[in-house]
Protein chains: 6
Amino acid sequence: MRIRVINPNTSASMTETIRRGAVAAAAPDTVIEAVTPTMGPASIEGHYDEALAVPGVLTEVARGVDEGADGFVLACFGDPGMDAARELAGGRPVIGIAQAGMHLAALAGRGFAVVTTLGRTAGRAWDLADAYGFRAKCREVLACEVPVLDLDGVAEDLVADLAKEALTHDGVDSIVLGCAGMAEMAARVSREVGAPVIDGVAAGVGLVEAMVRAGVPAASRGEYARPRPKTYVGLLEGFTVGE
Amino acid sequence: MRIRVINPNTSASMTETIRRGAVAAAAPDTVIEAVTPTMGPASIEGHYDEALAVPGVLTEVARGVDEGADGFVLACFGDPGMDAARELAGGRPVIGIAQAGMHLAALAGRGFAVVTTLGRTAGRAWDLADAYGFRAKCREVLACEVPVLDLDGVAEDLVADLAKEALTHDGVDSIVLGCAGMAEMAARVSREVGAPVIDGVAAGVGLVEAMVRAGVPAASRGEYARPRPKTYVGLLEGFTVGE
Amino acid sequence: MRIRVINPNTSASMTETIRRGAVAAAAPDTVIEAVTPTMGPASIEGHYDEALAVPGVLTEVARGVDEGADGFVLACFGDPGMDAARELAGGRPVIGIAQAGMHLAALAGRGFAVVTTLGRTAGRAWDLADAYGFRAKCREVLACEVPVLDLDGVAEDLVADLAKEALTHDGVDSIVLGCAGMAEMAARVSREVGAPVIDGVAAGVGLVEAMVRAGVPAASRGEYARPRPKTYVGLLEGFTVGE
Amino acid sequence: MRIRVINPNTSASMTETIRRGAVAAAAPDTVIEAVTPTMGPASIEGHYDEALAVPGVLTEVARGVDEGADGFVLACFGDPGMDAARELAGGRPVIGIAQAGMHLAALAGRGFAVVTTLGRTAGRAWDLADAYGFRAKCREVLACEVPVLDLDGVAEDLVADLAKEALTHDGVDSIVLGCAGMAEMAARVSREVGAPVIDGVAAGVGLVEAMVRAGVPAASRGEYARPRPKTYVGLLEGFTVGE
Amino acid sequence: MRIRVINPNTSASMTETIRRGAVAAAAPDTVIEAVTPTMGPASIEGHYDEALAVPGVLTEVARGVDEGADGFVLACFGDPGMDAARELAGGRPVIGIAQAGMHLAALAGRGFAVVTTLGRTAGRAWDLADAYGFRAKCREVLACEVPVLDLDGVAEDLVADLAKEALTHDGVDSIVLGCAGMAEMAARVSREVGAPVIDGVAAGVGLVEAMVRAGVPAASRGEYARPRPKTYVGLLEGFTVGE
Amino acid sequence: MRIRVINPNTSASMTETIRRGAVAAAAPDTVIEAVTPTMGPASIEGHYDEALAVPGVLTEVARGVDEGADGFVLACFGDPGMDAARELAGGRPVIGIAQAGMHLAALAGRGFAVVTTLGRTAGRAWDLADAYGFRAKCREVLACEVPVLDLDGVAEDLVADLAKEALTHDGVDSIVLGCAGMAEMAARVSREVGAPVIDGVAAGVGLVEAMVRAGVPAASRGEYARPRPKTYVGLLEGFTVGE
């Protein structure tokens with residue numbers, strides 16, 4: 001099985017972090033291909049950044065389909081372009097890491113908290129929790145206020161502190177890390193706080209594997225059918241899809 | 001007051017239809033500026049089209065802010081890029097026509113139905129109804145299955161038929177038209193079905209006016225603060241914003 | 001356009017405050033007619049007061065229809081008698097200021113708080129947030145514990161303090177003032193707290209204008225059809241409606 | 001125990017029907033006092049009627065408190081004035097028949113349908129189902145389209161037909177009768193359809209008894225404290241309450 | 001009327017406490033039969049305990065049906081086996097004390113808090129609040145952290161303290177006691193905190209009485225029809241039911 | 001990795017069907033151990049059956065923990081005893097097949113339908129959809145009305161017919177099979193209806209694998225801590241757990 005992990009942030013070092021996290025979680029017979037789009041913002045920290053990351057993500061999904069990928073993980077906690085990507089993917093699973101992390105958290109216990117980078121992204125996290133059905137299970141979205149590209153050991157301590165804070169609240173059984181750049185923090189923070197700490201990249205790899213092995217394709221009819229062919233103008237002309 | 005109405009579909013004739021609808025609904029002292037982005041798909045009929053319309057929409061919002069617009073209407077029923085646009089708009093209202101149409105429908109009665117173009121867009125309409133708080137008030141999303149650029153008199157008859165069908169169901173008090181290209185259908189269909197039929201473009205103009213006159217800016221802090229400056233690569237490099 | 005603004009509290013000085021707020025928000029070609037019912041409690045601070053304000057409100061709606069009003073704003077944050085008024089109004093918009101304020105807040109950002117007079121009215125505010133679809137967007141209802149007829153500069157400071165408190169909580173983008181008697185506080189408090197502060201009277205005027213200009217009548221069939229004629233007894237005999 | 005059953009409709013014959021239903025359901029040591037207000041509409045078939053029934057209901061609640069009633073049942077399916085009545089009742093239970101009927105239906109099975117008089121009242125029934133927490137349990141509101149004062153044996157057949165229709169739908173375990181005037185239909189319709197058919201008057205009597213015997217007063221603080229004394233003008237002057 | 005109150009905890013002294021609470025709340029013509037199952041855990045303090053209490057509860061329900069009981073109260077706040085018991089009860093009401101307590105709290109005011117024994121049972125309380133429709137009315141579940149069989153006067157003080165704490169929060173009008181072992185605390189704690197404090201056993205007795213007197217059987221078709229006869233193996237063989 | 005798949009129905013032939021489905025979906029390095037409890041009903045077709053299956057399931061979970069299982073799948077669509085099992089499992093994932101099937105369906109598209117055996121089990125399916133967050137995504141629960149132990153080729157045709165019926169409804173993207181006995185139908189029915197058809201057993205295996213590989217244990221604190229040791233009486237004495 002070949003899983004393409006797309007880093008919507010166009011920062012190669014972050015892609016490498018993500019790749020290591022994905023490989024560590026993959027089954028022995030799964031090939032992880034971590035890629036960085038050729039256009040888009042260096043990091044995603046708001047709705048604007050996310051919107052402009054989407055064309056690059058879609059290009060990578062189209063390329064992945066051509067090159068034989070069996071499924072896709074979108075490694076940004078806003079799950080940018082996920083529905084659009086599904087129209088391109090022809091039934092191959094496309095899972096965002098917010099979606100993946102929240103699903104595993106829902107399986108791991110009753111309630112979870114998200115610990116993320118900047119507070120300005122919390123609104124998007126709540127929107128996704130709503131859309132995925134987890135408004136009641138997601139109890140808090142806490143921010144360490146460290147920008148995506150500055151995540152380091154100091155930030156990891158802040159994340160652990162916020163995780164502890166959330167776990168002392170009633171009903172929070174696990175922590176979902178709110179940024180792909182936190183992929184390698186999960187194990188250490190989990191040991192430190194004594195509760196499940198979930199990296200969405202690892203979760204996404206496992207969920208794509210689960211779908212493929214269970215013979216469950218993603219929907220590819222109606223809403224998720226291939227985009228209708230049409231004229232594009234301007235910088236985006238290259239995006240025209242054929243029937 | 002100057003309201004910029006942006007047609008996310010890059011089809012000039014559709015922009016002209018939208019402009020006429022907006023002008024008809026505007027107060028005497030409101031100037032309507034209807035614009036077509038220079039990049040993006042000719043029409044929007046799914047998540048992929050919508051995602052690729054967003055960069056063009058954002059360019060027009062940035063230009064509108066520079067040129068003194070007091071508020072924006074996004075004239076596509078998927079409200080593409082609305083949250084991202086708000087980060088650029090510095091407190092000027094940015095209202096999508098799905099949001100506007102659903103808000104007026106919520107004020108006009110207990111329940112409403114959306115009558116739209118292609119059935120594949122219904123999922124997006126439901127997502128927006130959810131996000132805006134109107135899941136319980138939106139009772140049905142019906143599709144005439146006419147593509148956006150083929151809307152004509154025949155389609156108008158189909159829309160009227162679907163509207164009548166919806167009005168016979170319990171609790172539907174009004175109809176929201178699910179495409180900016182239907183802007184000029186509202187009056188005739190309303191007469192034909194004997195109930196409120198709401199064009200989101202007219203609704204959006206009125207709601208921007210209401211906010212500006214009531215002295216209610218949009219939020220421009222936290223989630224909706226100006227995007228953080230950062231490096232962009234590829235075709236989207238031109239989108240870099242300054243502090 | 002003629003908009004009748006009805007003050008359900010039978011206090012003329014309060015009606016004058018409301019009138020000034022409404023006029024300030026109206027379009028140049030809109031005529032504001034602010035009226036005080038001839039029966040009912042001097043102020044509304046609970047369910048009992050509100051229930052007994054309704055007959056006076058309905059009398060004013062009936063009179064407004066006869067005298068050519070194009071729409072109505074009910075200037076009490078409990079939106080008293082709104083559904084009953086709609087049965088009388090024959091498709092003319094009837095909007096309460098809680099409804100109006102919450103709708104504009106929903107357009108202005110993700111979440112809002114209500115700042116009101118007495119804490120005992122908070123339950124009604126929550127009921128209305130629920131009914132209008134804004135349970136998730138309304139995050140707090142805070143009370144300054146100043147009675148309606150005692151609102152003054154000191155109360156305005158308390159309101160500003162509560163507004164600041166609410167804005168420091170996660171996700172509150174704007175403040176909705178919870179009493180018509182606070183109409184003139186909005187501008188100053190907004191400047192002081194640096195965020196949108198919404199007066200429902202101004203919001204209501206703008207929303208009635210938006211509906212009328214967009215050609216969107218309120219529902220007037222079924223649930224909102226004219227009341228069935230019937231016999232009344234006692235003090236309420238004068239209310240009998242003809243077919 | 002003395003339970004005052006107030007018929008918000010000012011029709012004495014209907015009060016007698018209600019009284020018989022209440023007596024049949026009461027415990028041997030409970031005294032039923034069924035009363036008709038001295039003001040208000042002959043029957044309640046919409047929001048306007050309901051609003052104008054409230055002053056008469058409140059007068060009867062005040063009188064009942066003075067005369068030693070232990071609790072109140074409001075015998076109209078719109079539960080008119082219930083919150084206002086609670087402010088007067090000083091902790092004595094006040095239960096509307098929609099509330100009572102829906103509570104017993106929620107105890108009797110998974111889902112229920114309401115069968116009511118006129119379709120124009122369905123919106124109110126849904127509002128109440130929402131407010132009481134039973135939106136998911138209330139599956140349908142069906143109307144026989146017989147006015148309240150015309151309910152007779154023919155209407156009973158229509159009610160039975162609608163009940164049967166609802167019971168064939170997935171998940172409906174019981175029927176709630178949507179009008180106090182249907183009180184005496186419950187037993188026969190239940191036998192005919194082979195499922196629980198619930199009269200709200202009987203249900204309300206049982207629930208007031210349950211609260212009193214279990215030593216559970218209604219709330220009488222904060223929102224439900226006695227109304228604040230204030231000036232009333234016009235026909236409603238008599239309603240002024242003292243501290 | 002004969003009501004069988006089943007204590008799912010197999011501790012006879014607790015059954016006696018429950019019996020006294022039930023008798024005190026019952027109407028004069030109601031016979032209370034409090035029983036202890038012959039198998040199961042001594043006390044119920046988690047999902048595992050609850051699951052293993054169910055076979056004993058079901059045995060008692062079957063016995064009660066044979067011996068002429070008119071209805072059942074399940075006196076453990078997890079309402080263990082309630083749906084299964086209803087399949088056996090042939091239309092006789094079966095009400096759990098969480099269900100009963102929450103229903104009376106919903107009738108007594110706007111919001112309530114549950115005060116329970118161990119914090120580990122709070123998740124079950126929330127699940128039941130959800131299932132019964134009271135997620136919005138249940139504001140808090142607080143635990144005194146005293147095990148079920150250690151409840152005494154000291155625990156009662158802790159419960160009163162938690163009740164006071166909850167009542168100072170916005171919107172909590174009453175307290176629901178979260179354990180059958182607290183049955184006799186209700187009156188004293190209510191006096192101490194000055195608000196309704198609800199014992200589910202008393203509430204359950206009243207609700208069974210209300211259903212029986214109102215002629216409202218529980219559902220006994222479809223989902224709640226008698227269990228299909230089948231083969232059982234192992235220790236549970238004795239549970240086989242006949243057609 | 002060793003996954004124990006427990007068939008709560010005590011029918012060995014059904015366990016064999018389940019085992020084959022689980023093995024087919026497992027990764028190459030996963031060992032599947034399918035077991036049949038030594039007590040309980042032959043098949044589960046209602047709340048009563050399910051309640052009596054739980055003790056046998058818990059025995060198998062305890063045994064699995066002792067014997068080194070890494071996770072558990074409960075192969076009955078009512079997910080019987082799942083919360084209780086988690087208290088025993090010490091952080092090892094325990095996933096029911098309703099939970100698993102619904103989670104994969106939520107990842108596969110916008111909406112799904114459940115196709116199950118007997119209609120009387122639909123209520124439980126809805127309860128689980130609610131509890132897992134999928135009330136809005138689960139659109140229909142359809143029953144073929146074939147008992148669990150009679151599932152065969154004819155039933156498979158009925159299931160395919162119901163699946164087709166559901167897929168023609170708006171918004172249903174996939175089908176979740178509502179019984180472990182349908183495990184081997186998924187592939188053929190999927191081919192026949194041209195959409196994802198999900199077997200919960202395969203889904204459950206994949207989700208346990210995803211959790212284990214991603215290093216995400218289940219919660220094992222608070223609500224999910226080991227049961228408190230206590231005395232058991234009667235047939236259930238053997239269930240006493242040590243500290």
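How far apart are the nearest C-alpha atoms of chain C and chain F, two chains that do not touch? Select both and check the gap: those nearest C-alpha atoms are 16 Å apart. Before moving on, keep in mind that you're looking at a predicted model. Chain B and chain E make another pair to try, again without touching, and again with 16 Å between their nearest C-alpha atoms.

**Stop 1: chain A by itself**

Hide everything but chain A. Colour by secondary structure, and you should find eight helices and 10 strands. The radius of gyration of chain A is 17 Å, close to the 18 Å that the globule rule gives for 243 residues, so chain A is as compact as a globular protein of that length. If you turn the C-alpha trace onto its principal axes, it spans about 55 × 40 × 30 Å.

Now colour by burial. In chain A, 70% of the 243 residues count as buried. A contact map is worth a look here too: taking the contacts in chain A between residues at least 6 apart in sequence, 71% join residues at least 24 apart.

**Stop 2: the two domains of chain A**

Give each domain its own colour. Domain 1 of chain A is 2–96 + 203–239, and domain 2 is 98–200. Drop a dummy atom at each centre, taken over C-alpha atoms, and the distance between the two comes to 22 Å. Where the domains meet, domain 1 of chain A puts in 24 residues and domain 2 of chain A puts in 26.

Stay on the domain 1 side of that contact. Helix 1 (12–25), strand 5 (94–96) and helix 8 (200–213) of chain A are the elements that give two or more residues to it. Helix 1 of chain A gives the most, with five residues. Colour this side by residue class and you get 10 nonpolar, 11 polar and three charged residues.

**Stop 3: bring in chain F**

Show chain F next to chain A. Which operation superposes chain F on chain A? A rotation of 180° with 0.0 Å of shift along its axis does it, at an RMSD of 0.0 Å. That is the relation of a two-fold axis. To find the axis from the chain F side, select Gly133(F): of the C-alpha atoms in chain F, that of Gly133(F) is nearest the axis, 2.3 Å from it.

Next, select the interface itself. Here 42 residues of chain F are in contact with 42 residues of chain A. On the chain F side, helix 4 (97–108), helix 7 (186–193) and helix 8 (200–213) each supply at least two residues. Helix 8 of chain F gives the most, with eight residues. By class, the chain F side has 28 nonpolar, six polar and eight charged residues. Why can we say that the copies meet through the same surface? Because 100% of the interface residues of chain F are also interface residues in chain A.

**Stop 4: the nonpolar core**

Bring all the chains back. The largest nonpolar core has 617 residues, and those with the most contacts inside it are Val73(A), Val73(B), Val73(C), Val73(D), Val73(E) and Val73(F). Zoom in on Val73(E). Leaving aside neighbours within four places in sequence, its contacts include Ile3(E), Val5(E), Ala22(E), Ile95(E) and Ile97(E). Further along chain E, Val201(E), Gly204(E), Val205(E) and Val208(E) are also in contact with Val73(E).

**Stop 5: helix 3 of chain E**

Don't leave chain E yet; select residues 82–89. Eight of the eight residues of this helix, helix 3 of chain E, are buried, so it is largely enclosed by the rest of the structure. Charged side chains are no exception: the buried set includes Asp83(E), Arg86(E) and Glu87(E). What covers them? The cover over the buried residues of helix 3 includes helix 2 (47–66), strand 4 (71–74) and strand 5 (94–96) of chain E, together with helix 2 (47–66) of chain F. Step just past the end of the helix to Gly90(E), which takes a positive phi of about 55°.

**Stop 6: another positive phi**

Last selection: Glu145(E), in the loop between strand 7 (138–143) and helix 6 (153–167) of chain E. Its phi is positive, near 60°, and this residue is not a glycine. Is Glu145(E) buried or exposed? Glu145(E) has 12 other C-beta atoms within 10 Å, so it counts as exposed. Jump to chain C to finish: Glu145(C) has a positive phi of about 60° and is exposed, with 12 C-beta neighbours inside 10 Å.

Key: Residues are numbered from 1 along each chain as its sequence is written. Chains are lettered from A and ligands numbered from 1 in the order in which they are written. This is a predicted model: local features need pLDDT of at least 70, side-chain atom pairs count only at pLDDT 80 or more; totals for chains, interfaces and linings use all residues. A residue is buried if 20 or more other C-beta atoms lie within 10 Å of its own, exposed if 12 or fewer, and partly exposed in between; C-beta atoms are placed from the backbone. Helices (H or I, at least four residues) and strands (E, at least two) are DSSP runs, numbered from the N terminus. Two residues are in contact if their C-beta atoms, placed from the backbone, lie within 7 Å. Ala, Val, Leu, Ile, Met, Phe, Trp, Tyr, Cys and Pro count as nonpolar, Asp, Glu, Lys and Arg as charged, and the others, Gly among them, as polar. Domain bounds come from an automatic or database domain assignment. The radius of gyration is taken over C-alpha atoms; the globule rule is 2.2 Å times the number of residues to the power 0.38. Copies are superposed by least squares on the C-alpha atoms of residues with pLDDT of at least 70 in both. A nonpolar core is a set of buried Ala, Val, Leu, Ile, Met, Phe, Trp, Tyr and Cys residues joined through C-beta atoms within 7 Å.
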